[in-house]
Amino acid sequence: GGDVIRGGPGSSEHNSLIRITSADALPQVRAVRIGRNKSLLVELPVDLRDVMVSAPEIVDAVVQSANRVHLIAKKVGQSNAFFFDASSEQILTLEITVEQDTAALDALLMRLLAGSNIKSEILNDTVILTGSVRTPADSNRASDIASRFIVATPEEDKRDKNKVVNMLGVEGEEQVML
């Protein structure tokens, strides 16, 4: 298939480029994830006549050239993008999920909690932490940092501990199910 630059299967990494080549069968349907306020470049092997986005308040399409389109994620939610060629045939459909981009939080946790292996996801304004840390104190620090990350605006400094689901394991400790 075409090159999709992202993490492996099951990865929560966001897409930044979809390149479909002339060797790829058309039409195609793909599911993609884009971080809020990030963009995805779509390159196609044919010239486009039209691009339609189902929820323009969530995703905006900006045509860069006849076969390159930037999709800009404006708001968390879901949308579709439909790409039509010069003969008005639908050649690509993208099922788009726009999520809060957690790359900055993951990098911060890695930097501040040395020896940890933490991955974060955001679901409905709740941060879910998975992976492992070295100590129970690091687990608590990770929750505290994540609770700061989801504060909508600095003026609303409401660190809601209920907005963090901590599923971190502590290395070397047996996992006890309660």
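**A tour from the three-stranded sheet to the cores**

Begin by selecting Leu129 and Asn166, since Asn166, in strand 12, is the bridge partner of Leu129. The model is predicted, so local features need pLDDT of at least 70 and side-chain atom pairs count only at pLDDT 80 or more, while totals for chains, interfaces and linings use all residues. Residues are numbered from 1 along each chain as its sequence is written, and side-chain values use heavy atoms, with hydrogens and water left out.

Next, select strand 11 (residues 126-133) together with strand 12, which pair in the parallel sense over seven bridges. Here strands (E, at least two residues) and helices (H or I, at least four) are DSSP runs numbered from the N terminus, and two strands pair if DSSP finds at least two bridges between them.

Now widen the selection to the open sheet, in which three strands follow the order 10-11-12 with mixed pairing. Its edges are strand 10 (117-123) and strand 12 (164-170), each of which pairs on one side only. On average, neighbouring strands of this sheet are turned by 10° against each other, direction ignored.

Add helix 1 (residues 103-112), which packs on the sheet and touches strand 10 and strand 11, its direction making about 150° with that of strand 10. Then add helix 2 (residues 136-149), which touches strand 10, strand 11 and strand 12 as it packs on the sheet, and whose direction makes about 155° with that of strand 12. Contact means heavy atoms within 4.5 Å; axes are lines fitted to C-alpha atoms, for helices over the stretch in contact, and angles run from 0 to 180 degrees between N-to-C directions.

Move on to Leu71, Phe83, Leu94 and Ile96, the residues with the most contacts inside the largest nonpolar core, which has 23 residues. Such a core is a set of buried Ala, Val, Leu, Ile, Met, Phe, Trp, Tyr and Cys residues joined through side-chain atoms within 4.5 Å, where buried means under 20% relative accessible area, exposed over 50% and partly exposed in between (1.4 Å probe, protein chains only). Strand 9 (90-99) is among the strands that each supply at least two residues of this core, and strand 9 gives the most, with five residues. Apart from this core lies another, of 14 residues, among them Leu113, Ile118, Ala146 and Val170.

Finish at Pro27, in the loop between strand 2 (17-19) and strand 3, which counts as exposed because its relative accessibility is 61%.
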